[in-house]
Amino acid sequence: QANPAFRLPVCVAMGDRPAWGDDGDDAPREEAPLPAEVVTRRKKKVTKEEEVKEQEEYVTMSWEEIFPKKPIDRLRWLYKACKAAKEGRIKPNPLYNVVAHRRFLEGLKGSIATDCLNLIRGHIHLFSPKQQKQLQSDNFELFRKYAPISVLDSDDDEDAAPPLPPPPEVVVEMKDMKWVSEIRRWPPSLVSSLQKFLAKAG
């Protein structure tokens, strides 16, 4: 005798329907489609001021872009690069590799060379001890030619020379009006205000 706990399923004859859910409607039912979920990502809107600031703060580290620059433009680049390194936006090692390269030093003379050296000395703490020693030795052309000279008495030992005075603050001049209006695309009203200011200052 078969165990009553195990019963074979009862086959339902064609045409028969289970009693539950029977509403008497033989028409096929369509399930309501689920609403489609749309995911959108909104891009942050960048203002004109933020765009200008980003362009102003951008500092290229490409040798192909830096070395062909005119001496005054290399000074401007160095000014921005030192500021960026101080703020942690660029690393000191690539900056050192640029300023210590002979191609960066080519054509640097007079006040431009002095300003470059003062910028480097003013940010000397950013570099490693070994790099600091190199940048403040006669092996570095800018230092050898343009560093202030410590005057020693005849009886003084060269190693006992007094430390050099701190470098003066370097103020990099503004580019001309054509650069401001055509390259930077300042609005005419701002360019006019700058011209009036420079005229009064001059």
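**An all-helical chain and its nonpolar core**

The protein chain contains 10 helices and 0 strands, as seen here in a predicted model. Read from the N terminus, its elements follow the order α-α-α-α-α-α-α-α-α-α. The chain has 202 residues, of which 22% count as buried. Among contacts with a separation of 6 or more, 59% are between residues 24 or more positions apart.

A good place to begin a tour is the largest nonpolar core, which has 32 residues. Within this core, Trp77, Leu78, Phe104 and Leu142 touch the most other members. At least two core residues come from each of helix H3 (71-86), helix H4 (92-99), helix H5 (102-105), helix H6 (110-122) and helix H8 (141-146). H3 provides the largest share, with 7 residues. As general background, nonpolar side chains in soluble globular proteins tend to be buried together.

Phe104 offers a closer view of this core. Beyond its neighbours within four places in sequence, Phe104 is in contact with Ile66, Phe67, Arg74, Trp77, Leu78, Val98 and Val99. Two of these partners, Trp77 and Leu78, are themselves among the core residues that touch the most other members.

Two further partners of Phe104, Val98 and Val99, lead on to H4. In this helix, Leu95, Tyr96, Val98 and Val99 are buried. These four residues lie on the same side of H4, because they cover an arc of only 160 degrees around the axis. The buried residues of H4 pack against helix H2 (63-66), H3, H5, H6 and H7.

The pairing of H3 with H6 can be followed residue by residue. The axes of these two helices come within 10 Å and cross at roughly 15 degrees. H3 is therefore roughly parallel to H6, since angles under 35 degrees count as roughly parallel. The crossing in which H3 passes H6 is left-handed. On the H3 side, the residues involved are Pro71, Ile72, Leu75, Leu78, Tyr79 and Cys82. They meet Ile112, Asp115, Cys116, Leu119 and Ile120 of H6.

Finally, a loop residue deserves a look. Serine 137 sits in the loop between helix H7 (129-135) and H8. Serine 137 has a relative accessible area of 16%, so this residue is buried; the cut-off for buried is under 20%. Apart from neighbours within four places in sequence, serine 137 is in contact with Phe143 and Arg144.

How values were computed:
Residues are numbered from 1 along each chain as its sequence is written. This is a predicted model: local features need pLDDT of at least 70, side-chain atom pairs count only at pLDDT 80 or more; totals for chains, interfaces and linings use all residues. Side-chain values use heavy atoms; hydrogens and water are left out. A nonpolar core is a set of buried Ala, Val, Leu, Ile, Met, Phe, Trp, Tyr and Cys residues joined through side-chain atoms within 4.5 Å. Buried means under 20% relative accessible area, exposed over 50%, partly exposed in between (1.4 Å probe, protein chains only). Contact means heavy atoms within 4.5 Å. The arc is that of the directions from the helix axis to the C-beta atoms. Axes are lines fitted to C-alpha atoms, for helices over the stretch in contact, and angles run from 0 to 180 degrees between N-to-C directions. Angles under 35 degrees count as roughly parallel, over 145 as roughly antiparallel, 65 to 115 as roughly perpendicular and the rest as oblique. A crossing is left-handed if the near helix is turned anticlockwise from the far one by less than a right angle, and right-handed if clockwise.
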